[in-house]
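Student: Could you walk me through this one piece by piece? I'd like to start with the ligand surroundings and then move on to the packing.

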Amino acid sequence: MEAATATAPGRKFEKVVQILDAHQRDRTRLVPILQAVQEEYRYLPEEVMTLVATSLGIPPARVYGVATFYSHFALEPKGKYVIRICDGTACHVKGSQDLVDALQGGLGLGGARKTTPDMMFTLETVSCLGACGLAPAMVVNEDVHGQVSPAVAIEILDGIRRSEGM
Amino acid sequence: MMEDLETVGSAYLEASRRHARRIVVCAGTGCMANGAMKVLAALRDEAGAHGLDLETELRFEETRERDGLLTRSGCQGFCQMGPLVSVEPDGILYCKVRPADVPEIVRETLLGGKAVDRLLYRDPATGDACRGREQIPFYALQDRTVLKACGTLDPEDVREYVAHGGYQSAAKAFRQMTPEAVCKEILESGLRGRGGGGFPTGRKWELARIQAEPRKYIVCNGDEGDPGAFMDRSVMEGNPHAVLEGMMIAARAVGAQEGYVYVRAEYPLAVARVRRAVADAEALGLLGDDLFGTGLPFRVHVMEGAGAFVCGEETALLASIEGQRGMPMPKPPFPAQSGLFGKPTIINNVETLATVPLILARGAAAFKAVGTAGSPGTKTFALTGHVANTGLIEVPFGTTLRHIVHEVGGGVTAKDGSADPAGFKAVQIGGPSGGCLTKAHLDLPMDFDNLTRIGAMVGSGGLVVMNQDTCMVQVAKFFMQFTQNESCGKCVPCREGTRQMLALLEDIVEGRATEETLPLLETLARNVKLGALCGLGKTAPNPVLSTLEHFRDEYEAHVTRKVCPSRVCKALMTPAIEASLCKGCTLCARKCPVGAIAGERKAPHAIDPGKCIRCGACVDACKFNAITGA
Ligand SMILES: Cc1cc2nc3c(=O)[nH]c(=O)nc-3n(C[C@H](O)[C@H](O)[C@H](O)COP(=O)(O)O)c2cc1C
Ligand code: SF4
Ligand code: SF4
Ligand code: FES
Ligand code: FES
């Protein structure tokens, strides 16, 4: 375990090592460790998962298995703005599909494509944000928007684009 | 060393008496999404500009009289009307407050002592303005017990919780009661788990208590993965100390030293509030190495989920805490016998734990006096869908659906949100594990046993009201899509069975179903129910079986007549001619094999839906794209 850390190439893994240390390299803390890593990189790079596995003394397959099991872990980079539309029961009944359609159109996404080529936006659906009283709901990074209509969704998108000078 | 609860409490009350007013801004997820924090900031600035002396954080050491305390609360349940601002002792509740409304509130209410009429809730039935909660039917018709402190207390101030009697029940459990007595009190109260199954909490605790193993755990299940449910979120955000106190009492009852709160990652505010509550309780010496001077330790960790619905299932949740894929394990052994790291573990739902301190404070008999004989107490529900007042509600078990939908909920609404008194079609209860209630069930007293009897279940307590525009097959398909996505894949009946069921439902809504589809769907549903390993698979067929039972004619219309009676399924839509596009070329009428199209030359044609067999020939024939549907 020591060796793996020592040979880790410099700065890139510095943060990962810090995260591992903060969790006492406790293998039962694998999920929070991966959460912290993802917070840092916005996804789970393969080489980081390998480093985590060696540091915790578990097979890389186990780390990979956990990373693919939970929907919050991303094995590919996401856009700067992650837009999540709730498709829980309440939101579904109140028309969340129209929001998906509107934003897919607005972002030129569809099918398997979830992230725009410029890496600015990722569009996902989630199965309930717990803001059902405000259905349909959508979240941009951490900001919750309630009672969103397709027009409002596009407005929010345009607002972000303006703030990014796009 | 723990500070004396009485000292903390009376110091808080003393300090709060210095304030002429108390202004509470709701800081639950819903109101924050609608800009509650901007309203709070505007109130602070505007009051300051008028020379009002508001305190935003109650300070013990101060003695100066102040004009008011500006504070926040957790979700008050009426999110749709948010942001909410209440002013006490004036008894005023303002709805949909915008920062622009703040100058008027400061001028009229804080300086003038009058209510701002236009910001009050209006009873839609009478049109009268309601000054405070007592006059608002949504609140007046409920029995808010577990949720009472949610929406009045500052969830980030442990001292306020203590001042209102908080942690007294835990102190009693540790100082005056034996573990056996705690278990007995909870058993006698008849409390049943609010996480869905309704298992008697006292029985579960007793089973863990009698295990010889010295290390034991308490886990609070705050996963709340059911789409359409948010009561656990609101309790964790609005009254996190009640949850911790419940865990402490459970720890006393079974002899546990460590606990986990497992919160789903979609709830960042709940995570933050629970973390803060743990830190504050530790700082006061309430949690730690010596609980209430007994020398007994209890520590609590907070763990964030990572987005897997199946992790709400107790054995999967434990695997997740242990750092593994969250897959369920066969039971027995039950977690109470062998759970986290192989040790006896109590897993309880958030609401269950938040109810426990109330039982110890008031006694089992008082708890049993509310609700029904088999299901004592109250239940929180997330009321959503086509209903006027969506939000978080709490009513005694045994309340009828009619009361909830038509009284508390203010009645059914149409697509555009307007009132639709005759629009009631069904209520889906219990999410992907639950079933549908229909007009026939409007007067059924709702409790664990009555709901199970009719093939539904309390589940987590999501209540989705559906109006006549809802297609029940689509509803069933929606839930099947959900469980199919969320199946962990460990066992074949669930992994493959839900996939096939979903495919059959797709056949139905796409118009491909044959006379074999429905019997096949039913057989498959029964087998998945029997063969699946965990509750996810075992209950996944419920929405299908329940809609098949209560809305069979709707399924049959899809299958045999290829019609969607609610006009939702696009593939089955009756074709219609858009008059503005129709040139009256008569081509479609000539192509129609059954003569369903009529019209004058050069004038818009029309389709007789009674004759049409939805062959689609007219749609293909029309050169002007004037025919939609089919
Ligand atoms: C697939 C599945 C998901 C579940 N999700 C939750 C949940 O989100 N919250 C919860 O409290 N219980 C959930 N449960 C029930 C738990 O397994 C467990 O019965 C419950 O937490 C026990 O607490 P209680 O006795 O206080 O109700 C779920 C069960 C299954 C099968
Ligand atoms: S029933 Fe479904 S969720 Fe449960 S163990 Fe089997 S595959 Fe996993
Ligand atoms: S769908 Fe068929 S039956 Fe209906 S109008 Fe067109 S051609 Fe006639
Ligand atoms: S269903 Fe969308 S927030 Fe709950
Ligand atoms: S968040 Fe304010 S009422 Fe629900």
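Tutor: Before the ligand shells, one convention: Ala, Val, Leu, Ile, Met, Phe, Trp, Tyr, Cys and Pro count as nonpolar, Asp, Glu, Lys and Arg as charged, and the others, Gly among them, as polar. Please also keep in mind that this is a predicted model.

Student: OK, so how does the shell around ligand 2 split by class?

Tutor: The shell around ligand 2 holds nine nonpolar, three polar and one charged residues.

Student: And which residues are closest to ligand 2?

Tutor: Of the 13 residues that surround ligand 2, the closest are Cys488(B), Lys490(B), Cys491(B), Cys494(B) and Cys534(B).

Student: What about ligand 3, which residues come nearest there?

Tutor: Ligand 3 has 13 residues around it, and those that come nearest are Cys592(B), Cys612(B), Cys615(B), Gly616(B) and Cys618(B). By class, the shell of ligand 3 divides into 11 nonpolar, one polar and one charged.

Student: Switching to sheets: what's the strand order in the open one in chain B?

Tutor: That open sheet of five strands in chain B has the order 2-3-1-4-5, with mixed pairing. Its edge strands are strand 2 (54-55) and strand 5 (92-94) of chain B, each of which pairs on one side only.

Student: How many bridges are there between strand 1 and strand 4 of chain B?

Tutor: Strand 1 (residues 22-26) and strand 4 (residues 85-88) of chain B pair over four bridges in the antiparallel sense, and within this pairing Val24(B) has Ser86(B) of strand 4 as its bridge partner.

Student: Which helices pack on it?

Tutor: Helix 3 (residues 36-49) of chain B lies across strand 1, strand 2, strand 3 (68-73) and strand 4 of chain B, and runs at about 155° to strand 1 of chain B. Helix 4 (residues 102-111) of chain B also packs on the sheet, where it touches strand 1, strand 4 and strand 5 of chain B, its direction making about 175° with that of strand 5 of chain B.

Student: Does chain A get a mention? Where does Tyr81(A) sit relative to strand 2 of chain A?

Tutor: Tyr81(A) stands opposite Phe121(A) in strand 2 of chain A. Strand 1 (residues 81-86) and strand 2 of chain A run parallel and are joined by six bridges. Five of the six residues of strand 2 (residues 121-126) of chain A are buried, so this strand is largely enclosed by the rest of the structure.

Student: Now helix packing: at what angle do helix 10 and helix 14 of chain B cross?

Tutor: The axes of helix 10 (residues 231-238) and helix 14 (residues 350-362) of chain B cross at roughly 50° and come within 9 Å, and these two helices are therefore oblique to each other. Helix 10 of chain B contributes Met231(B), Asp232(B), Val235(B) and Met236(B) to the contact, while helix 14 of chain B contributes Val350(B), Glu351(B) and Ala354(B). By class, the residues of this contact are five nonpolar, no polar and two charged.

Student: Last one, is Ala364(B) buried or exposed?

Tutor: Ala364(B), which belongs to helix 15 (residues 364-368) of chain B, counts as buried because its relative accessibility is 6%, the cut-off for buried being under 20%. Leaving aside neighbours within four places in sequence, Ala364(B) is in contact with Glu185(B), Glu188(B), Ser189(B) and Ile359(B). The C-alpha atoms of Ala364(B) and Gly190(B) are separated by 7.8 Å, although the two residues are 174 residues apart along the chain.

Terms used. Residues numbered from 1 in each chain as written. Chains lettered and ligands numbered in written order. Predicted model: local features only at pLDDT ≥ 70, side-chain atom pairs only at ≥ 80, totals over all residues. Heavy atoms only, no water. Axes fitted to C-alpha atoms, helices over the stretch in contact; angles between N-to-C directions. Parallel < 35°, antiparallel > 145°, perpendicular 65-115°, else oblique. Contact = heavy atoms within 4.5 Å. Near = heavy atom within 4 Å. Buried < 20%, exposed > 50% of the residue type's maximum accessible area, 1.4 Å probe, protein only. Pairing = 2+ DSSP bridges.
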